[in-house]
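Q: Please take a close look at a single strand of this protein and at its pairing partners. Then set that part in the context of the whole chain.

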Amino acid sequence: MTTTMQASRRGFLKGGLGALTLAVTGNGLVSAVWAADAPRKYGADSMPGGTVDDPLAFVSIAADGAVTIIAHRAEMGTGVRTSLPMVVADEMEAAWDRVRVVQADADEARYGNQNVDGSRSMRHFLMPMRRVGAAARQMLEAAAAARWAVPVAEVRATQHQVVHVPTDRKLGYGELAADAAKLPVPKGDALKLKTRAEFRYIGKEQVRLVDLEAIGKGQAIYGMDMRLPGMVYAVVARPPVVGGKPRRVDSAKALAVPGVLKVVDIPAMAGAPAFQPLGGVAVVASNTWAAMQGRAALQIEWDDGPNADYDSAAYRETLTAASRKPGKVVRDQGDAPQAWAKAGEAGRFSAEYHVPHLAHASMETPVATVRIQDGGAEVWTSVQNPAAAQEAVANRLKLKPENVKVHVLLLGGGFGRKSKPDYVDEAAIVAQAMPAGTPVKLVWTREDDIHHDYLHTVSAEHLEAVVGQDGKVQSWLHRSAAPTIASLFTEGAKGEQLFESAMSAINMPYVIPNVRVETAEVAAHARIGWFRSVANIPHAFAAQCFIAELAHRAGQDHKQYALDLIGPARRIDPGTLADTWNYSESPERYPYDTGRLRGVIEAAASGARWGREMPKGHGLGLAFCYSFMSYTATVVEVAVDEKGEVRVLAVDMAMDCGPQINPERIRAQMEGGAIMGLSLALLGEITFEKGRVRQNNFYDYEVLRHNASPRVIRTHLVNDDHALPPGGVGEPPVPPVAPALCNAIFAATGKRVRSLPVRGVA
């Protein structure tokens with residue numbers, strides 16, 4: 001049996017390892033395990049910036065030397081199932097072609113935080129994974145030294161074997177595993193991490209995705225691919241309006257559809273939405289098509305509830321009006337009101353920006369398979385937050401969490417949607433209504449996904465500036481009106497919370513003496529959830545477009561104006577705003593370094609050849625953002641024809657995320673972020689009428705097609721400094737894209753775009 005011992009987070013932060021236990025299993029495996037002892041956190045605390053537990057990592061060595069590394073974070077395209085085990089293998093000196101990666105089930109008591117949100121996987125687990133590999137390597141070296149009766153200083157692990165340097169004797173990892181299991185774990189100063197010069201895989205390009213071949217051959221198992229003997233299939237008719245419920249249900253015609261087996265009530269949502277199902281009626285059938293046909297035959301009269309009158313066009317007017325009035329002050333520096341009074345109305349320049357609701361629209365819709373038997377439940381699903389899914393099913397079925405096994409499958413996209421396991425809860429409800437041992441696969445259609453998403457918030461952004469005769473900004477006001485993510489967890493929560501305002505509004509880096517940031521308290525009428533890069537999207541869109549407008553008014557080059565506004569390289573002291581400034585990360589560990597921000601601006605501009613002569617109807621636009629501990633700048637090149645149709649020709653994107661652990665994956669996420677950002681900016685919009693989402697599928701909630709994508713995306717990785725802690729990568733590419741696009745459109749046409757989506761230029 002494998003045994004575990006725990007190490008506190010404080011111990012890791014102080015440089016200690018806590019304890020490690022190695023044990024030989026019956027089949028000759030030796031396992032290295034770290035466990036967590038800090039409290040687990042879910043819900044809002046698991047969002048970007050939330051606290052995570054200490055990590056636990058498995059490393060197993062078989063008698064033949066094969067190494068198995070457990071990946072405890074879900075894979076949804078970021079490459080984390082490769083990158084973190086790769087770090088372990090590098091420190092361990094394991095030959096990558098002899099490493100097998102296995103996905104962990106949900107078990108936060110064993111593995112630490114498993115919620116893949118907030119671009120935290122590498123940020124929080126790089127050093128723990130390095131310690132895992134280094135400890136395993138040193139124990140193998142110590143075992144070899146003991147076997148040969150030589151000083152450990154004379155032996156060295158290299159590529160799956162330990163060598164006695166003076167005599168060139170060698171022992172494989174499999175030969176040493178049992179002896180290594182009996183040795184004490186190196187910790188504190190005894191633990192020797194590699195130097196950067198010794199890395200084989202970290203920062204290199206040769207390690208390909210562990211899932212690449214299976215994905216390419218169609219052999220990889222996503223949630224939608226799950227099959228079990230005796231499986232039945234379910235779809236749900238949900239209330240078309242959030243907070244609604246069935247008033248009357250007639251299921252006779254549904255039950256008459258060939259293949260339909262049962263109709264199951266899903267309890268109505270109660271209180272704040274959180275991760276609970278919306279309610280409704282599930283139709284269970286022998287196949288998905290029959291279930292869908294049965295659902296179509298249901299006769300349901302809905303009570304639309306309190307959000308029946310929600311109309312997005314009218315709500316936009318509400319938001320705009322709210323953004324024009326004084327709001328709750330969340331940052332107050334200098335004396336902005338005095339600057340406004342001195343300048344008068346004529347001396348204040350203002351602009352308003354609008355970003356609509358956005359849907360995640362992952363290529364793989366939500367899907368979960370649940371089987372209940374023998375006093376427990378087993379779940380197979382594509383989920384970003386396995387522990388939340390485990391907790392939801394345990395609560396629903398009144399089971400202990402340890403009696404609910406959640407098997408994490410590949411995700412066909414997530415973007416924050418699949419950390420909210422309402423769809424897993426639905427599957428558990430249906431499985432509970434079926435005979436024990438019946439596997440139930442609950443599937444969301446594309447229409448379900450669009451209609452019932454946890455949407456990115458809609459917002460109105462109001463910005464004002466007082467500008468001196470020299471063009472310098474003397475006063476800055478940024479006021480946001482947007483429903484908050486907090487409405488998921490607290491009924492009646494209104495307006496952006498501090499953690500949302502901190503995303504590219506509070507933590508602006510400009511040298512401006514008078515700054516005021518405010519929020520308006522507006523209500524949510526839909527499920528508002530976190531979305532790739534979260535509130536950075538609307539805040540960066542508004543602020544970055546506004547800076548471009550200020551530069552134009554001053555008659556100055558946008559790039560130079562922005563650099564002057566940022567000022568000299570310095571580290572910004574957040575002062576009393578420290579708790580909200582950095583996504584709950586330490587501002588001492590992650591200071592806002594304007595020198596690094598300047599570096600990505602220069603890199604993106606250089607890549608795009610900023611300042612070159614442009615043909616008529618062509619333009620370059622710049623934007624930049626600090627988010628999730630990383631710095632990103634983007635330059636977009638567009639061509640706008642006489643009809644106002646916008647064509648994106650090229651994107652240059654620069655990123656400084658500190659140490660570049662897996663450069664190929666960083667570039668891939670930057671490229672994906674560029675495409676997603678353009679898709680949102682050009683096409684993304686969810687609208688409501690009578691409380692109902694008007695969009696249905698990809699024909700009216702469009703995503704960027706191949707023929708509309710830029711033919712050139714150039715990525716520029718800046719500042720590969722391994723003395724820095726790692727920043728996030730998955731989310732930072734998105735926020736600068738939309739403002740860079742709109743600034744490019746102005747450069748090409750002289751027309752300002754202040755409302756998304758763009759679609760065209762009138």
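A: **Strand 20 and its surroundings**

V355 stands opposite S459 in strand 20. This pair is a convenient entry point to the predicted model, for strand 15, residues 348-355, and strand 20 are joined in the antiparallel sense over eight bridges. Strand 20 itself covers residues 459-467, and eight of its nine residues are buried.

Strand 20 also pairs with strand 21, residues 473-481. These two strands run antiparallel and are joined by eight bridges. Within this pairing, E461 has S480 of strand 21 as its bridge partner. Strand 20 and strand 21 form a hairpin with five residues between the strands, and G471 of that hairpin takes a positive phi near 90°. As a general point, in a regular strand the side chains alternate between the two faces of the sheet.

The approach to strand 20 is also worth attention. H452 is placed in the loop between helix 13 (446-451) and strand 20. H452 counts as buried because its relative accessibility is 8%, under the 20% limit for that class. Leaving aside residues up to four places away in sequence, H452 touches R238, P239, P240, L278, R417, W444 and R527.

Elsewhere in the chain, two strand residues offer a contrast in exposure. S627 belongs to strand 25, residues 618-627, and is buried, with a relative accessible area of 0%. Apart from residues up to four places away in sequence, S627 touches N536, Y583, P732 and P735. R100, in turn, lies in strand 5, residues 99-103, and is exposed, with a relative accessible area of 53%. With the same exclusion of residues up to four places away in sequence, R100 touches V67, T68 and I69. From R100 to L741 there are 641 residues in sequence and 43 Å in space, C-alpha to C-alpha.

Some backbone details also deserve mention. Phi of V534 is near 55°, a positive value in a residue other than glycine. Most residues other than glycine have a negative phi, and most peptide bonds are trans. V534 lies in the loop between strand 22 (514-520) and helix 15 (536-553), and at 5% relative accessibility V534 counts as buried. K690 likewise has a positive phi near 55°, and is placed in the loop between strand 28 (688-689) and strand 29 (692-693). K690, however, counts as exposed at 60% relative accessibility. The peptide bond from L756 to P757 is cis, with omega near 0°; P757 is found in the segment after helix 20 (737-749).

For the chain as a whole, the secondary structure comes to 20 helices and 30 strands. The radius of gyration is 27 Å, which agrees with the value near 27 Å expected for a compact globule of 762 residues. Along the principal axes, the C-alpha atoms fill a box of roughly 85 × 70 × 45 Å. Of the 762 residues, 62% count as buried. Among contacts between residues at least 6 apart in sequence, 77% join residues at least 24 apart. The chain exposes about 28800 Å², and carbon and sulfur atoms supply 50% of that area. The chain carries 83 positive and 82 negative charges, whose mean positions are 1 Å apart.

Note on methods. Residues numbered from 1 in each chain as written. Predicted model: local features only at pLDDT ≥ 70, side-chain atom pairs only at ≥ 80, totals over all residues. Heavy atoms only, no water. Helix = DSSP H or I, 4+ residues; strand = E, 2+ residues; numbered from the N terminus. Rg over C-alpha atoms; globule rule 2.2 N^0.38 Å. Buried < 20%, exposed > 50% of the residue type's maximum accessible area, 1.4 Å probe, protein only. Contact = heavy atoms within 4.5 Å. Areas by Shrake-Rupley, 256 points an atom, 1.4 Å probe, with all protein chains shown as cover. Lys, Arg positive; Asp, Glu negative; His and termini not counted. Charge placed at Lys NZ, Arg CZ, Asp CG, Glu CD. Pairing = 2+ DSSP bridges.
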